[in-house]
Amino acid sequence: MLKVFTVCPQGLGSSMIAKIHVRAILDKLGVENEVETAGIASIVGENFDLIITIEELKDSLKHIDPQKIIFITNFFKKSEIEKKVVEKVEELRQSGRDI
Amino acid sequence: MLNDLINENTVRTNVNAKDWEDAIRIGGNLLKKSGIIGQEYIDAMIQSVKDIGPYIVLAPGIAMPHANPRFGVKGLGMSLITLNTPVYFGNKDNDPVSIVICLSATKNNDHLKELSELVKVLGNDSNVQQIKSATTIKAILDIFSNVN
């Protein structure tokens, strides 16, 4: 199970679009997943494997392991998100994670 | 359905906006006229960019201004304007912007279906080019009516 938060300032726009893509990508990879949108304030204290977000929130996410964060610049084209998510899933699988 | 939101009242082509704030105001006013939002929400969309940054420029040439529902949002709404002269939001990857889609949503998830449909349309480069070069509202509505 891969627990993912898609994060944007409101939890309404880019995070919602990212969620649509990420779910489809993980399903295609056969990775059991739970993808939730979140505003930047609401991930404090939550457990997760991965955060998908925007560059503008980099400073707000300083306390989080950079390995767990993916930054996206194009939300309408699936290709950028797909490339980055696939890389991350391969990394996790190589490190022995059973997903 | 996205087609319920993107209609003759919420789409304008060849708009003259003098800068990004003006573009948000023009797009926001289309929603305001429909009664879905008030002036407070338009101001909040602009303030959000000033406070957080131009993150609402979600892809090359495309911005999706929105703000928190607590600023007087009465319902799900989307407006789409295309600009004669592209404007700069200050987004290093995706400026300049010539398609501005103002979004209002009442809460999380109530607009998932409509955004999925929007992604289908705007994930296709040929659709994006056609929207940018459209000179009539009907031409844009035709592109959206082909979704699904």
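B:Glu21 counts as buried, at 19% relative accessibility, and its side chain meets that of B:Arg25 in a salt bridge (3.1 Å, N to O). B:Arg25 itself counts as partly exposed, at 30%. Please keep in mind that this is a predicted model. By the rule used here, there are 14 salt bridges over all chains, and one of them crosses the interface of chain A and chain B.

**Salt bridges within the chains**

- B:Glu21 and B:Arg25 sit four residues apart in helix α2 of chain B, about one turn of the helix.
- Those two residues do not stand alone: B:Glu21, B:Arg25 and B:Lys50 are linked in a network of salt bridges.
- Over in chain A, the side chains of A:Lys84 and A:Glu80 form a salt bridge of 2.8 Å, N to O. About one helical turn separates the two, because they are four residues apart in helix α2 (residues 78-94) of chain A.
- A:Glu80 counts as buried at 17% relative accessibility, whereas A:Lys84 is partly exposed at 30%.
- Helix α2 of chain A also holds A:Glu87 and A:Lys83, four residues apart and so about one helical turn from each other. Their salt bridge has its closest N and O atoms 3.4 Å apart.
- With 41% relative accessibility A:Glu87 is partly exposed, while A:Lys83, at 54%, counts as exposed.

**Where chain A meets chain B**

- Contacts join 20 residues of chain A to 32 residues of chain B.
- The two chains bury about 2100 Å² between them, and carbon and sulfur atoms give 66% of that area. A:Gln10, A:Leu12 and A:Phe76 supply 34% of what chain A buries against chain B, more than any other three residues.
- The salt bridge across the interface pairs A:Lys77 with B:Asp125, with the closest N and O atoms 2.8 Å apart.
- Helix α1 (residues 14-29) of chain A gives seven residues to the side of chain A that touches chain B, the largest share. By class, that side has eight nonpolar, eight polar and four charged residues.
- Five residue pairs, both members at pLDDT 80 or more, are in polar contact between the two chains.

**Aromatic pairs**

- Over all chains, the structure holds two aromatic pairs.
- The pair of A:Phe5 and A:Phe48 is edge-to-face, because the ring planes stand at 75 degrees, with the centres 6.0 Å apart. A:Phe5 belongs to strand β1 (residues 2-8) of chain A and A:Phe48 to the loop between β2 (33-39) and β3 (50-53), so the pair links distant parts of the chain, 43 residues apart.
- Both rings belong to buried residues, with relative accessible areas of 6% for A:Phe5 and 12% for A:Phe48.
- B:Trp20 and B:Phe89 make a tilted pair, 5.7 Å centre to centre and with 35 degrees between the planes. B:Trp20 is in helix α2 (residues 20-33) of chain B and B:Phe89 in the loop between β4 (77-87) and β5 (97-104), so the pair ties together parts 69 residues apart in sequence.
- B:Trp20 is buried at 14% relative accessibility, and B:Phe89 is buried at 7%.

**Backbone points to check by eye**

- A cis peptide bond runs from B:Asp95 to B:Pro96, with omega near -10 degrees. B:Pro96 is placed in the loop between β4 and β5 of chain B.
- B:Asn14, a residue other than glycine, has a positive phi near 55 degrees. B:Asn14 is part of strand β1 (residues 11-15) of chain B and is partly exposed at 34% relative accessibility.

**Two buried polar residues in chain A**

- A:Ser15, in helix α1 of chain A, is buried with a relative accessible area of 1%. Leaving aside neighbours within four places in sequence, A:Ser15 is in contact with A:Thr6, A:Val7, A:Cys8 and A:Thr37.
- A:Asn33, in strand β2 of chain A, counts as buried at 19% relative accessibility.
- The side chain of A:Asn33 makes a polar contact of 2.9 Å with the side chain of A:Asp27, and also reaches the backbone oxygen of A:Val31 at 2.9 Å.
- Beyond four places in sequence, the residues that A:Asn33 touches include A:Met1, A:Leu2 and A:Arg23.

Methods:
Residues numbered from 1 in each chain as written. Chains lettered and ligands numbered in written order. Predicted model: local features only at pLDDT ≥ 70, side-chain atom pairs only at ≥ 80, totals over all residues. Heavy atoms only, no water. Contact = heavy atoms within 4.5 Å. Buried area = accessible area lost by both parts, 1.4 Å probe. Salt bridge = Lys/Arg side-chain N within 4 Å of Asp/Glu carboxyl O. Polar contact = N/O pair within 3.5 Å; in protein donor to acceptor, adjacent residues only side chain to side chain. Nonpolar A, V, L, I, M, F, W, Y, C, P; charged D, E, K, R; others polar. Phe/Tyr/Trp six-rings, centres within 6.5 Å; stacked < 30°, edge-to-face > 60°. Buried < 20%, exposed > 50% of the residue type's maximum accessible area, 1.4 Å probe, protein only.
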